[in-house]
Amino acid sequence: NESLRLHPVVPGNSRLAIRDTVLPVGGGPAQDAPLFVPKGTIFVYHPYSMHRRKDLFGPDADAFRPERWESLRPGWEYLPFNGGPRICLGQQYALTEAGYVSVRLLQEFAAVDSRDDRPWAESLSLTVCSWNGTKVALTPA
């Protein structure tokens, strides 16, 4: 969850209102009143930025701290796979595959060492990835 919070696979997304609708919150000075959304409105949102909000994830929102999830139970402010009727169909597959590959790597290799002396740099486009690529050495078990 913490990795997907800081590095969501899809950092930005959008939706088009196909009919007039009303969102339950987002309107008014305090943004807690209903909000009318006319047909044709395009909503652009950025999970990359949303997941770094200090008011939602704490003053250390920019830090990688997996233990924050011991008590954190976010709702719509955490969207690594979107949500609702447009939730990613591959969410469970992706999480299962990531878990499987991680376990298999741990079973086959005694160590995984970075071979990149540069600090982490992100490449933000349609997806988030490492700007430097992935340079590692695997030591057989």
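Guide: Accessible areas come from the Shrake-Rupley method with a 1.4 Å probe. The model is predicted.

Visitor: What percentage of the accessible surface of the protein belongs to carbon and sulfur atoms?
Guide: The accessible surface of the protein comes to about 10,100 Å². The share of it that belongs to carbon and sulfur atoms is 61%.

Visitor: What radius of gyration does the protein have?
Guide: A compact globule of 141 residues would have a value near 14 Å. The C-alpha atoms fill a box of roughly 60 × 30 × 30 Å along the principal axes. The protein does not match the globule value, and its radius of gyration is 19 Å.

Visitor: In what order do the elements run from the N terminus on?
Guide: There are 4 helices and 8 strands to place. From the N terminus on, the order is α-β-β-β-β-α-α-α-β-β-β-β.

Visitor: How do strands β2 and β3 run, parallel or antiparallel?
Guide: Strand β2 covers residues 21-27 and strand β3 covers residues 33-37. Val22 stands opposite Phe36 in β3. The two strands are joined by 4 bridges, and they run antiparallel.

Visitor: Which residue in the hairpin of β2 and β3 takes a positive phi near 80°?
Guide: The hairpin has 5 residues between its strands. Gln31, in the loop between β2 and β3, also has a positive phi, but its value is near 60°. The residue with phi near 80° is Gly28.

Visitor: Is Gln31 buried or exposed?
Guide: A residue counts as exposed over 50% relative accessible area. Gln31 has a relative accessibility of 56%, so it counts as exposed.

Visitor: Where is Asn82 found?
Guide: Asn82 is not a glycine, yet its phi is positive, at about 65°. Helix α3 covers 54-57 and helix α4 covers 91-108. Asn82 is in the loop between α3 and α4.

Visitor: Is Ser123 buried or exposed?
Guide: Ser123 has its place in strand β6, residues 122-124. Leaving out residues up to four places away in sequence, Ser123 touches Val128, Cys129, Ser130 and Trp131. The cut-off for buried is under 20% relative accessible area. Ser123 has 14%, so it is buried.

Visitor: What percentage of the residues of the protein count as buried?
Guide: Ser123 is one buried residue. Of the 141 residues of the protein, the buried share is 24%.

Visitor: How far apart are the centres of the positive and negative side chains?
Guide: The protein has 15 positive and 15 negative side chains. The centres of the two sets lie apart by 6 Å.

Conventions
Residues numbered from 1 in each chain as written. Predicted model: local features only at pLDDT ≥ 70, side-chain atom pairs only at ≥ 80, totals over all residues. Heavy atoms only, no water. Rg over C-alpha atoms; globule rule 2.2 N^0.38 Å. Buried < 20%, exposed > 50% of the residue type's maximum accessible area, 1.4 Å probe, protein only. Lys, Arg positive; Asp, Glu negative; His and termini not counted. Charge placed at Lys NZ, Arg CZ, Asp CG, Glu CD. Pairing = 2+ DSSP bridges. Contact = heavy atoms within 4.5 Å.
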